Amino acid sequence: MPTEPTYVIVGASLCGAKAAETLRSEGFGGTVILLGSETERPYERPPLSKGYLLGKEDKSVIYVHEEAWYAEYDVDLRLGVTATSVDPASRTVVTVDGERVVYDQLLLATGASPRRLNIPGAGREGVLYLRTVGDSERLAAAFRGGGRVVTVGAGWIGLEVTAAAREAGCEVTVVEPEPTALYRALGPELGEMFADLHREHGVQFRFGESVSELRGPGVAGPVGEVVTSSGAAVPADIVVVGIGAVPNTGLAVGAGLEVANGVVADAALRTSNPIIYAAGDLANSDHPLLGRRVRVEHWANALNSGPAAARSMLGQDVTYDPVPYFFSDQYDLGMEAAGLPEPGTYDQVLYRGDRPGREFIAFWLAGGAVVAGMNVNVWDVSDDIQALIRSGKKVDPARLTDPGIPLTEV
Ligand SMILES: Cc1cc2nc3c(=O)[nH]c(=O)nc-3n(C[C@H](O)[C@H](O)[C@H](O)COP(=O)(O)OP(=O)(O)OC[C@H]3O[C@@H](n4cnc5c(N)ncnc54)[C@H](O)[C@@H]3O)c2cc1C
């Protein structure tokens, strides 16, 4: 009698856990092994820079499943277990304890890690990063003492952490080499709107400067000041580094998979090895709608690409090409963004609604068609924006910017 196959998932976070859930909900009766380096059961990261960091949400909100779910669905969740190598020839994952786990199919969902600061003094006490729930708890404890915070990087994580630090009563200076906040993510005008929001809450910015050294007592004592490329020395008790994330490609490289800004995958999330899949922050996959490969570091992508990869593993015909979706909350501003308005992918930005009052929708257009949109303090429109993007049709700018016309009719 043939034995049931074993599907192994490396990376027990949102993407991996949702993949395991889909294998079961689609009727897979074989063995599902979910390996994760962290000791917490799979959890979602957005609250770590928002409600949980602010102390407004309980830890229970972060988890993907109830603790009992894994046993109930016969998912062999192995926490605190790092996979150290994958041998495609013997279809084996080797763990840090030397255990060998044989797979019939493998999903890599190892995510990404914070990019580290590589300057003198970067190892000093008080220099903090944010990726894990432990990082979030360390930051919350540090902010509780008040004090002076320097945030390195005015991207999404840097700005959300800055908002949390301000709400906790810390003084915050943000150092960012670009001309304004979120410059590459949103462009100059909208980036400046976020910078203004933070200025109104008392945040200082040093745009056009990078950090060059972290100084303090002795060679390894606590951080005391941040030296920037302009020569300024900004006093700091805490330095939070938010300079982007790097995909965790080590296993894939070792396994000889094609790797280029993440693990290269087709639109079915299959890597260059046909029984190994990649999803979530790790995967740089073909995106037929956008006509290029994309690697998306967003919650919704982890939520949806894990299940898509699972269906692929089960032999279903999968094309994974959703409109990328992202959200952020800072102070009383909430936003959702659809599409990827990266520099060079659009030629026009149009607005509908009240920009000074920060209740509006921004649209990025290329050749007269909407390629991305962001709703700021305006709700229940993201699906319509995504449909506009997916349609690829040229729109009438007057109708697009008229709040009286439903987005479904522009
Ligand atoms: C603080 C924070 C706030 C965020 N807020 C938002 C937001 O507001 N909106 C939004 O859209 N997105 C947000 N994101 C991004 C979103 O959380 C990520 O896109 C998502 O976590 C990616 O999920 P993933 O499962 O692919 O990878 P990850 O969450 O990175 O998980 C990968 C897991 O794999 C484990 N792992 C890695 N290597 C191994 C190995 N060799 N063996 C075993 N396990 C391994 C890691 O320890 C980790 O647990 C935020 C991210 C952070 C860090």
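These entries record what I looked up around the ligand and in one helix of this predicted model.

**Basis.** I worked from a predicted model, in which local features need pLDDT of at least 70, side-chain atom pairs count only at pLDDT 80 or more, and totals for chains, interfaces and linings use all residues. I number residues from 1 along each chain as its sequence is written, and side-chain values use heavy atoms, with hydrogens and water left out.

**Ligand shell.** I found 33 residues around the ligand, of which Glu38, Arg45, Lys50, Arg131 and Asp281 come nearest; a residue counts as near if one of its heavy atoms lies within 4 Å. By class, I recorded 16 nonpolar, eleven polar (Gly among these) and six charged (Asp, Glu, Lys or Arg) residues in the shell.

**Polar contacts.** I looked for pairs of N or O atoms within 3.5 Å. A polar side-chain atom of Arg131 lies 2.7 Å from a ligand oxygen atom. A backbone N or O atom of Ala83 lies 2.9 Å from a nitrogen atom of the ligand. For His298, a backbone N or O atom lies 3.2 Å from an oxygen atom of the ligand. I noted that the ligand taken alone exposes 1000 Å², of which the protein buries 93% (Shrake-Rupley method, 1.4 Å probe).

**Helix α4.** I then turned to α4, residues 133-144 (a DSSP run of H or I, at least four residues). Its buried residues (under 20% relative accessible area, 1.4 Å probe, protein chains only) are Val133, Asp135, Ser136, Leu139, Ala140 and Phe143. Why do they lie on the same side of α4? They cover an arc of only 155 degrees around the axis, taken from the directions from the helix axis to the C-beta atoms.

Technical notes:
A polar contact is a pair of N or O atoms within 3.5 Å; within protein, one must be able to donate a hydrogen and the other to accept it, and residues adjacent in sequence count only if both atoms are side-chain atoms. Buried means under 20% relative accessible area, exposed over 50%, partly exposed in between (1.4 Å probe, protein chains only). Helices (H or I, at least four residues) and strands (E, at least two) are DSSP runs, numbered from the N terminus.
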